[in-house]
Amino acid sequence: MEKDKTGWSRRSFLKAAGAGVGGVVGSVAFPYVITSAKAQSATITYLTFLNPREKGPRQEGTLALLKDFETKHPQTKVDVRIIPWAQIDRQFIIEAAAGKEADVARLNLEWLHKHVEADSILPLDDSVRDWTAEQRKDWLLPWEATVFNGKKVAIPLEHRVQVLYYRKDLLDKAGIKVPTTWTQLGEASKALTSDKMAGFTVGLSKKDNASNLTQWLVPAMWAMGGDLWDKKGRAAFNTEAGARAFQFLADMVGKYGMSKSSVNMGSEDLTLAMKAGTLAMAAMGSHRVGTVRTGKGIGENLQTAPLPVPDGGSQAAYVTGWFLGVGKNTKHKAEAWKFLEHHVSAESQILYAKISGEMPSRKSAFKDTFFQSASGAEMKSWADYISRSGKSYVLPEKFLELGELLAVAASRVVVEGTPVKKALQDAEAEYNKLVG
Amino acid sequence: MPAGTIRHADGRGCGAAETPQKGVRRKRFLSPALQRAAMWALILGAVVMAAFPLLWTLATSLKPMEDIAAFPPRLFPERVTWEHYLDVATQSDMPEYFLHSIVVTAATIGLTLLLATPAGYAAARYRFRGKNLLLFVLLSTVMIPGTVILVPLYVLASRLALLDTYLVLVLVYTAWRVPMVLWIMKSFFEAIPAEMEEAALVDGCGRLQAMWRVALPLSGPGMAASAILVLVYVWTEFILALTLTSKMRTVTVGLYYYMTGYGIEWGRLTAAVILALVPVLIAFFLFQKRFMQGLTAGALKG
Amino acid sequence: MKKGEQWFALTCCGPATAVVVFITFYPVAYAFGLSVYKTNFARIQGYVGLGNFVRLLHDSTFLEGIYKSCVFVFISVALSMALGYGMALLLNRDLPCKGLIRAIVVAPWVIAEVSAAIAWRWLLDPGLSPLMVGLRSLGMPDLDFLSHPIWAMAAIIAVSVWRFYPFPMILLLAALQAIPKEVEEAAEVDGASYWRRLVSVTTPLVWGPMLVSAILSTLFYFNKIVVPLVLTGGGPGNATELMTIRLYREAFYNGNLGYAAAMSCLIFLVNLVVSLLYFRVLRAEEGR
């Protein structure tokens, strides 16, 4: 086709036609060939966001667990598929609706109710029928928290709690104590902000499901005795508590030096910034410490502490986590369950925690000596923080939309200078319209 | 022709400066030298504007991590490193995505040519009942862009169990490009005189044979133009591939997920962008003439 | 017209037409059908008749999205046409390396929108971009384009135009090159200045293709989704949430496919109106 000489074009037309027909035939046949080959050797697909081929503590932990599984179950091959964490749940639901979801997937507990509603995961009652009462009590979260409509639908894989990340060396150098209230946090942030360093930043972007913002606001509201949503799932943030929370965000920018670029930041950006040493403090899930510590010059200079509370408020810990779900349409139910069981066993959780820095979800895992050692003590302190101040909760159906509206409101307050009351009112009206 | 006018310069250099005809007063906006300088400045500006973002991406992909984060940023890498390219080639799934893109692109080119060439031929050579209606229908696909049918296509593909297959992408891309290719082939066929086929018909060839033996061999340039346009389109298509594929991701979707994955590591991301750019840019530079030909023949209509 | 010809021609055109109609037209009808249901991802949850459309009319984010799309389209088309025509005029001369120059200028149009958006996102990075160096040297503070509602919109317009203006440029260049040289020269001999010639002689001659390019560009810009999605994701807040972005978010983030189908229908109507204008102009042009 590339030659100008006209004599070539008939041959090229044939080639093109052949390619076309071949392409069509091949594209129909190719996937069938692959899938039938897989079915024969009992290969299960595992959908996750941690790529075992990449560098990083959590990725290496994932690889270690996979290798351990394949050693113990040599007949089962695992085919890993990667989707970014903010998209993995909706991708799974979409694929389940088409009957093509993975056999086992790492899914977000924040999306559990959506999975149940979309009927994308398999209830596990058959597989856990023989579990003793002791086994059922062995979890940081109550057993019933993942039982919907009488069915056990998820077993948590690991947990994380929102904590304050801070650079101990920077705080020490400036002679600041670890902040425990919002005022102290603001002052510390102001003191640490410079040309090359941002003090404290909350990610206000709506990307990644607005997760950094919602994970900041939820415990903030709890600390003041309020909540973002009420029992009926309607907006509960247009209150004094909500106004205080948003006013703090405005003050962070106005008084305490938080950059307006925060409207475009999410947890990923904050992690990168802390890792690069350009951010002194942030509020994030406890699971990222390993990653941040790999930054040059960071290491043990990064420490965590319970979240600062609004002045006069009480401690509240926001626990989230991931679970392994079995796809509703899986054709390898036995193997998928074995995979799940392996990964949530105490042994695996200890192995994973040591490498990745992610907290186990089983109480018995914490009995391991690792958690008495210096490196494990941090994780133990998070578990204690959870037992002291953790609160159980049920997310509203329109949680995603809520996050988006809150991010828009925060952006309006911070960037456009909209009065807090108005921004909250508008967001409340929009949200209640959705809930109906 | 009056001598000395700029327009009659040969292709190499500028011609002689304009000399005013005797007796004709002319208002000059700027002196010719200034005019020329301004023109070149504008052209240079356009070239820089076009190339700079891509060159900056290229430069970033060749810098080691520390240099990328350094401020002030330097335009040219001090040290050139290939580590990001190696990362992308060995540690990511991009090679797999390249394979998917290549398969889908090749199949779409083949299928589009297969369907649209005979149709373009018939439209060029014959008047038949329904021809105007057909052409109008094809033309009106311009009012149905991807974003409008994204949602129904997704639901349809889901219902037909075609999600995440090569087939669904090839079919949709083909359907989207057939109107343009048909128009291109039609104008190329129209440019070929019909006498030779008529002679063949007189000699006893069937119509199919006339097309096959006489017209088709002459349509090489048309097919080349169509092929390069379809290639550029399919290789760079994003939104449909994002919606309809998961494991069978194409390169463009892979780039997006690379970006939204675990924070943005600019070294690797820019390397991946360059790798995805290279095939298309090479094809474009090599077959530029065909590309432009195809565009002017078919673009107004497709 | 012999009977055999008719049959032959229809066979030649049949498969192509069938593929196009089934994959392009049928889904539009399907979208109308889908829009009367309430859905959760791909599961139908109930029949709501025109409920989705009523909800759309009260959905302030979507209505704002239409407004933002209009602003986006208007400015982008104006800029692309101006730049396209300008470059076409510049390139319509005998220049050295004309082919190379043209190739470089057209290159942004050839690369993927994703690649362009990523390249520009990097270029607009507030900390590390050479643009910031330029701004600083002009004495201005570092500007984070993408976190400012107005500048973010400017950014997506700039990137879209950067990528797309070669399209009208090529069409107008072809039109300019079709003007016989005698016409230009006659005007020159008559003593008209460059600008006079441009306005009174050249431009009226390419008016047809110009109108066609403008309308096609409008059509394309209304449906742009990739650059805003990748560059800003609709942010900051909702500043760049065009109606196409809203559609995508509603369909594939929130999973409301029925509601999104209703949005698709509305966007289709917008396209329909602009296309009808396009057909009118085309017919007028062909009449010339």
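Helices are DSSP runs of H or I with at least four residues, and strands are DSSP runs of E with at least two, numbered from the N terminus. With that in hand, here is a set of close-up views of this predicted model.

**Figure 1. Chain A as a whole combines helices with strands.** The count for chain A is 17 helices and eleven strands. Of its 436 residues, 50% count as buried. Look at how the chain holds together along its sequence: among the contacts in chain A with a separation of 6 or more, 73% join residues 24 or more positions apart. Along the principal axes, the C-alpha atoms of chain A fill a box of roughly 75 × 65 × 50 Å. How does the radius of gyration of chain A fit a compact globule? A compact globule of 436 residues would come out near 22 Å, and chain A has 24 Å, so the two agree.

**Figure 2. Two strands and a helix of chain A form a β-α-β unit.** Start with strand β1 (residues 43-48) of chain A, which pairs with strand β2 (residues 77-82) of chain A in the parallel sense. Six bridges join this pair. You can pick out one of the partners by name: Leu47(A) is bridged to Arg81(A) in β2(A). Now add helix α2 (residues 57-72) of chain A, and the three elements make a β-α-β unit that is right-handed. While you are looking at strands, here is a handy rule: in a regular strand the side chains alternate between the two faces of the sheet.

**Figure 3. Chain A is divided into two domains.** Each domain is built from two stretches of the sequence: domain 1 of chain A takes 43-153 and 320-389, while domain 2 of chain A takes 161-318 and 393-435. The C-alpha centres of these two domains are 27 Å apart. Where they touch, domain 1 of chain A offers 17 residues and domain 2 of chain A offers 19 residues. Which elements give two or more residues to the side of domain 1 of chain A that touches domain 2 of chain A? They are α2 and α15 (374-389) of chain A. The largest share of that side comes from α15(A), with six residues. By residue type, this side of domain 1 of chain A holds six nonpolar, six polar and five charged residues.

**Figure 4. Chain B is built with helices and zero strands.** Chain B has 14 helices, and reading along its sequence gives α-α-α-α-α-α-α-α-α-α-α-α-α-α. Of the 302 residues in chain B, 53% count as buried. For contacts in chain B with a separation of 6 or more, residues 24 or more positions apart supply 73%.

**Figure 5. Chain B also has two assigned domains.** Domain 1 of chain B covers 30-81, and domain 2 of chain B covers 92-299. Their centres, taken over C-alpha atoms, are separated by 33 Å. Seven residues of domain 1 of chain B and six residues of domain 2 of chain B take part in the contact. On the domain 1 side, α1 (32-62) and α2 (65-68) of chain B are the elements that give two or more residues. Of these elements, α1(B) gives the most, with four residues. The residues on this side of domain 1 of chain B divide into three nonpolar, three polar and one charged.

**Figure 6. Chain B meets chain C.** This contact involves 91 residues of chain B and 79 residues of chain C. On the chain B side, α1(B) gives the most, with twelve residues. What types of residue make up the side of chain B that touches chain C? There are 67 nonpolar, 17 polar and seven charged residues.

**Figure 7. Two loop residues have a positive phi without being glycine.** The loop between α6 (146-159) and α7 (166-191) of chain B holds Asp164(B), whose phi is about 65°. Is Asp164(B) buried, exposed or partly exposed? Asp164(B) has 19 C-beta neighbours inside 10 Å, so this residue counts as partly exposed; a buried residue needs 20 or more. Next, find Cys97(C) in the loop between α3 (60-91) and α4 (98-110) of chain C. Phi of Cys97(C) is near 55°. Cys97(C) counts as exposed because 12 C-beta neighbours lie inside 10 Å, and the cut-off for exposed is 12 or fewer.

Notes
Residues are numbered from 1 along each chain as its sequence is written. Chains are lettered from A and ligands numbered from 1 in the order in which they are written. This is a predicted model: local features need pLDDT of at least 70, side-chain atom pairs count only at pLDDT 80 or more; totals for chains, interfaces and linings use all residues. Domain bounds come from an automatic or database domain assignment. Two residues are in contact if their C-beta atoms, placed from the backbone, lie within 7 Å. Ala, Val, Leu, Ile, Met, Phe, Trp, Tyr, Cys and Pro count as nonpolar, Asp, Glu, Lys and Arg as charged, and the others, Gly among them, as polar. Two strands pair if DSSP finds at least two bridges between them. A crossover is right-handed if, with the strands pointing away from the viewer, the path from the first strand over the helix to the second runs clockwise. The radius of gyration is taken over C-alpha atoms; the globule rule is 2.2 Å times the number of residues to the power 0.38.
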